Amino acid sequence: MNPAIRLTNLTKRFKLLTEKHGSLKAALLSFKHTPSRDLLALDNISLAIDHGETVAIIGRNGSGKSTMLRIIGRVYKPTSGAVEVDGRMSTMLDLGAGFHPELTGRENIFFNGAVMGLSMAQLRSKVDSIIDFSELADFIDSPVKSYSAGMLMRLGFAVAVETDPDILLIDEVLAVGDAAFQDKCYQRIESFKAEGKTIVFVTHDLEAARLVASRAVWLDKGIIRADGDTISLTEDYLAHRV
Amino acid sequence: MIEELKELARYKDLIRQLVIRDLKVRYKNSVLGFFWSLANPLIQVATIWLVVKYILRLEMPNYSAYLLVGYLPWVYFQMALLDSSQVVLTHRDLLKKVYFPREVLPISVVLANLVHFLLALVILFAYLMFYRLFLHGAPIMMSALWLPALILLETLLITGITFFVSCLNVFYQDTKYLLSALLSVMFYLTPVMYVAELVYVRIPEAHRRLLYHIYLANPLNMLTDAYRKTLLPPFTAQAMRGMKISSLPLDYAMLGVAALVCLLVAVVGYKFFNSRKWVFAEHI
């Protein structure tokens, strides 16, 4: 069987944007040629994640975690190398990204779902379970500008998980929300795993990584420094940090 | 390109959501709501009409009808382009997080403005009916059946240009300033305030046919002229500032040329946009 996600010799290089970028004048004057600096965000990474695995991506700021998640999520194109994904992906959008403040929670559920490629018909059949999971039934017809950060996160998580993806990508957002709802999220993630679905999440919260993921990948300056069992890997990571 | 169109078709519900959201949000906290999108062009038309009729004293029967029919398609063109220049930037959070065909953004801007245009056309038809009933001035003619084709062509043209505008503005934010400067020039160069026949008689007779054809090869000129000729009867020949001006028939051959240009702009614009759309997330 194909793995859920396979990265092969993946490299991502960014041109560092300088102040001069983004104006016509700069483009016209660029025959003066200020050499643009490159940033090697991911350096020849290969990684396979099987169906049913839950993998935590850890590493310091700027280590390439989010870049890797975005390449898996097809937001960035790799500079070289291949990405293969088997199954429907869903991304948990962080606070505000997928929501319009003037629209109600319900309207935003439809918008958010459509962004992830679901049809209106599919969403109509799922909207009740999304509202149910988010525990926002009383506020669902108010504009989301009146929501707290925790409420937004609940709505975002509810849309991401209740739209029944095969692969769930989460970028550092589970931290908000009260303890009770966090528990509920972790429970949902457990049932997700039980259904044989794949989760990749980026986090700085090593506790969360240990709780949820059996496998962890440690990224350091664009390369995979370690890949293995979460418990021992996070201990190494902590030991190395001090 | 076929693959990309197929993928786009899978996201048609997202386009619909974006259009609905645009229409809902735009007037969410205003009392008169949708009325504003109609009021603005009407106020503009009324002002131009007053100036032309009473200050410039240009005598043309039913000028207000000719002006309105030219002005509404112009507003559609102008507003869609201006809105599209910012559309990628305003969705930066989304672009940085999720995959979706990026072209849904400019397309939804065009369609939201199309909805405004269609509503404005309802007002226009009411106005033309009023003329017919009370003044016997400008009846609605059978040739109005051409209208859907003209709207389709203009929409293709606008979509093609918005592909360029929305994409270029990601890399050069000068685009939106350049665009609004160009639009204010184009407003006077396009036969909106005046009829295309006025341009025709001003061209020296020796080169008239050729130059006028080149003029009509600009699809915006041709379409503005075609909206008028299909919705309004030919104006009566008259002397205007020492020149005898008479209505010309609709040039179907040049309409065909303009249609090809519209299609070409749409296809080239789409290719241009597609070749750059996956680096937007890195640039915003």
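## The six-stranded sheet of chain A

In this predicted model, chain A has an open sheet built from six strands, and reading across it the order is E5-E6-E7-E3-E8-E9. The pairing is mixed. Strand E5 (89-92) and strand E9 (223-229) of chain A sit at the edges, each with a pairing partner on one side only. Going from neighbour to neighbour, the strands are turned by 15° on average, if you ignore direction.

For a look at one pairing in this sheet, take E5(A) and strand E6 (residues 167-171) of chain A: they run parallel and share four bridges. One residue pair to click on is Met89(A), whose bridge partner in E6(A) is Ile167(A).

## The three-stranded sheet of chain A

Chain A also has an open sheet of three strands, ordered E2-E1-E4, and here the pairing is antiparallel. The edges are strand E2 (38-49) and strand E4 (80-85) of chain A, which each pair on one side only. From one strand to the next, the twist averages 25°.

Strand E1 (residues 5-15) of chain A is joined to E2(A) by eight bridges, with the two strands running antiparallel. Among the residues involved, Arg13(A) has Leu40(A) of E2(A) as its bridge partner.

## A helix that lies across both sheets

Which strands does helix H2 (residues 65-72) of chain A lie across in the six-stranded sheet? They are strand E3 (54-58), E6, strand E7 (198-202) and strand E8 (215-220) of chain A, and H2(A) runs at about 145° to E7(A).

H2(A) turns up again at the three-stranded sheet, where it lies across E1, E2 and E4 of chain A. There, the helix runs at about 120° to E1(A).

## Two helices packed in chain A

Helix H4 (residues 120-134) of chain A packs against helix H5 (residues 149-162) of chain A at an angle of about 135°, and the axes are 8 Å apart. With that angle, H4(A) counts as oblique to H5(A). The crossing is right-handed.

On the H4(A) side, the contact is made by Lys126(A), Ser129(A), Ile130(A), Phe133(A) and Ser134(A). H5(A) brings Arg154(A), Leu155(A), Ala158(A), Val159(A) and Glu162(A). By class, that works out as five nonpolar, two polar and three charged residues.

## Helix packing in chain B

Over in chain B, helix H4 (residues 63-90) and helix H7 (residues 147-171) pack at an angle of about 30°, with their axes 8 Å apart. H4(B) is therefore roughly parallel to H7(B), and the crossing is right-handed. H4(B) contributes Pro73(B), Tyr76(B), Phe77(B), Ala80(B), Leu81(B), Ser84(B), Ser85(B), Val87(B) and Val88(B) to the contact. Facing them from H7(B) are Glu154(B), Ile158(B), Ile161(B), Thr162(B), Val165(B), Ser166(B), Asn169(B) and Val170(B). The tally for this contact is eleven nonpolar, five polar and one charged.

Another pair in chain B is helix H11 (residues 219-231) and helix H12 (residues 252-276), whose axes come within 9 Å and cross at roughly 130°. That angle makes H11(B) oblique to H12(B), in a left-handed crossing. Pro219(B), Met222(B), Leu223(B) and Ala226(B) of H11(B) meet Met254(B), Leu255(B), Ala258(B), Val261(B) and Cys262(B) of H12(B). What classes do the residues in the contact of H11(B) with H12(B) belong to? Nine are nonpolar, with no polar and no charged residues.

## Where the chains meet

Now for the contact between the chains: 26 residues from chain A and 23 residues from chain B take part. On the side of chain B, the elements that give two or more residues are helix H2 (12-26), helix H5 (92-97) and helix H13 (280-283) of chain B. H2(B) supplies the largest share of that side, with six residues.

What about the chemistry of the chain B side? Its residues split into eleven nonpolar, two polar and ten charged.

## How confident is the predictor?

The complex gets an ipTM of 0.85 and a pTM of 0.89 from the predictor. For chain B, the average pLDDT is 90, and 97% of the residues score at least 70.

Where in chain B is confidence lowest, and where is it highest? The low end is strand E1 (residues 238-240) of chain B, with a mean of 74, while H7(B) has the highest value, at 97. H7(B) is also the helix that packs against H4(B).

Conventions. Residues are numbered from 1 along each chain as its sequence is written. Chains are lettered from A and ligands numbered from 1 in the order in which they are written. This is a predicted model: local features need pLDDT of at least 70, side-chain atom pairs count only at pLDDT 80 or more; totals for chains, interfaces and linings use all residues. Two residues are in contact if their C-beta atoms, placed from the backbone, lie within 7 Å. Ala, Val, Leu, Ile, Met, Phe, Trp, Tyr, Cys and Pro count as nonpolar, Asp, Glu, Lys and Arg as charged, and the others, Gly among them, as polar. Axes are lines fitted to C-alpha atoms, for helices over the stretch in contact, and angles run from 0 to 180 degrees between N-to-C directions. Angles under 35 degrees count as roughly parallel, over 145 as roughly antiparallel, 65 to 115 as roughly perpendicular and the rest as oblique. A crossing is left-handed if the near helix is turned anticlockwise from the far one by less than a right angle, and right-handed if clockwise. Two strands pair if DSSP finds at least two bridges between them. pLDDT is the predictor's confidence in each residue, from 0 to 100.
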